[in-house]
Amino acid sequence: MPITTGLAILALVLLAGCASQPKPLQGEFAQITPREAANADRTGAMVRWGGRVVDVEPQANRTCFEMMSTQLNAYARPYWATDDVGGRFIACREGFYDPALFESDREVTFVGRIDGYENRRIGEYDYRFPRVAADVVYLWPIRERVDVITRPAPWPWWGWW
């Protein structure tokens, strides 16, 4: 009986590990940031990058997203605990993605290959953007802010003396 219980626990742990990321975001990827990719030519590298939407550009046959990159958590969701961002990147995918849905600051994760670079200006600064040909565009649900209200515990000595 203890061996059966141990195997059941092991199976649950393994299943939980497999279910940590949405299926379209699972796989093996180059461990580089957009900033590192912009500094060295990494064309062809398979990446999983995410962050917040800066701008969305619908074109004739595809949509391109300008993104502010950040680290991804264990679920492959953008992690925003610090101001440590990984640079900017552009991700393009065939088809129309509505800018009203992919509005500024929405969290998105992309899977695809670096297919080149674009030089653009951010204000007066020239910036080299790595461009990803995205196979997956994963829009995360909006995080709801919850205010937690705590009340004092009902101590037994309150109110009777």
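How many disulfides does a search of the whole structure find? The search finds 1 disulfide. The exercises below take up this link and its surroundings in a predicted model.

**Exercise 1. Describe the disulfide and place its two cysteines in the fold.**

Step 1. Identify the partners. Cys64 and Cys92 form the disulfide, and their sulfur atoms lie 2.0 Å apart. The cut-off for a disulfide is 2.5 Å between the sulfur atoms, so the pair qualifies. A disulfide is a covalent bond between the sulfur atoms of two cysteines.

Step 2. Give the handedness. The angle about the S-S bond is 110°, and the link of Cys64 and Cys92 is right-handed.

Step 3. Locate the ends. Cys64 belongs to strand β2 and Cys92 to strand β3, with their positions 28 residues apart in the numbering, and the pair links distant parts of the chain.

Step 4. Check the burial. Both Cys64 and Cys92 are buried.

**Exercise 2. Work out how strand β2 is paired, and state how far it is covered.**

Step 1. Begin with β1, which covers residues 46–58. It pairs with β2 in the antiparallel sense, over 8 bridges. The two strands form a hairpin, with 3 residues between them. In this pairing Val53 stands opposite Met67 of β2.

Step 2. Turn to β3. Strands β2 and β3 run antiparallel and are joined by 7 bridges. Met67 stands opposite Phe89 in β3, and Met68 stands opposite Arg88. Met67 therefore has a residue opposite it in β1, namely Val53, as well as Phe89 in β3.

Step 3. Count the buried residues. Of the 9 residues of β2 (residues 62–70), 8 are buried, so the strand is largely enclosed by the rest of the structure.

**Exercise 3. Follow the pairing on from β3, and examine Arg88.**

Step 1. Find the next partner. Strand β3 is joined to β5 (residues 125–139) by 3 bridges, and these two strands run parallel. Here Ile90 stands opposite Arg131 in β5.

Step 2. Look at the cover of β3. The strand is mostly covered, with 5 of its 7 residues buried.

Step 3. Place Arg88 and classify it. Arg88 is in strand β3. Its relative accessibility is 16%, so Arg88 counts as buried; the cut-off is under 20%.

Step 4. List its partners. The side chains of Arg88 and Glu66 are joined by a polar contact of 2.7 Å. Beyond residues up to four places away in sequence, Arg88 touches several others, including Pro34, Val54, Ile122, Tyr127 and Phe129.

**Exercise 4. Compare the burial of Tyr97 and Pro99, and find what each one touches.**

Step 1. Locate both residues. Tyr97 is found in the loop between β3 (88–94) and β4 (107–122), and Pro99 is found in the loop between β3 and β4 too.

Step 2. Classify Tyr97. Its relative accessible area is 19%, so Tyr97 is buried.

Step 3. Classify Pro99. With a relative accessible area of 31%, Pro99 is partly exposed.

Step 4. Relate sequence and space. Tyr97 and Val56 are 41 residues apart in sequence, and their C-alpha atoms are 8.3 Å apart. For Pro99 and Val53 the separation is 46 residues in sequence and 9.9 Å between C-alpha atoms.

Step 5. List the contacts. Leaving out residues up to four places away in sequence, Tyr97 touches Val56, Pro58, Thr63, Phe65, Phe102 and Val137. With its neighbours within four places left aside, Pro99 is in contact with Val56 and Pro58. A polar contact of 3.4 Å also joins the side chains of Tyr97 and Arg93.

**Exercise 5. Describe the largest nonpolar core and the part Phe65 plays in it.**

Step 1. Name the best-connected members. The largest nonpolar core has 20 residues, of which Trp49, Phe65, Phe110, Ile114 and Val137 touch the most other members.

Step 2. Trace the strands. At least two residues of this core come from each of β1, β2, β3, β4 and β5.

Step 3. Separate the other core. Another core, of 6 residues, lies apart from this one, and among its members are Ala76, Val111, Val136 and Trp140.

Step 4. Take Phe65. Not counting residues up to four places away in sequence, Phe65 touches Asp55, Val56, Phe89, Ile90, Ala91, Tyr97, Phe102, Phe110 and Val137. The list includes Tyr97, the loop residue of Exercise 4.

Note on methods:
Residues are numbered from 1 along each chain as its sequence is written. This is a predicted model: local features need pLDDT of at least 70, side-chain atom pairs count only at pLDDT 80 or more; totals for chains, interfaces and linings use all residues. Side-chain values use heavy atoms; hydrogens and water are left out. Helices (H or I, at least four residues) and strands (E, at least two) are DSSP runs, numbered from the N terminus. Buried means under 20% relative accessible area, exposed over 50%, partly exposed in between (1.4 Å probe, protein chains only). Contact means heavy atoms within 4.5 Å. A polar contact is a pair of N or O atoms within 3.5 Å; within protein, one must be able to donate a hydrogen and the other to accept it, and residues adjacent in sequence count only if both atoms are side-chain atoms. Two strands pair if DSSP finds at least two bridges between them. A nonpolar core is a set of buried Ala, Val, Leu, Ile, Met, Phe, Trp, Tyr and Cys residues joined through side-chain atoms within 4.5 Å.
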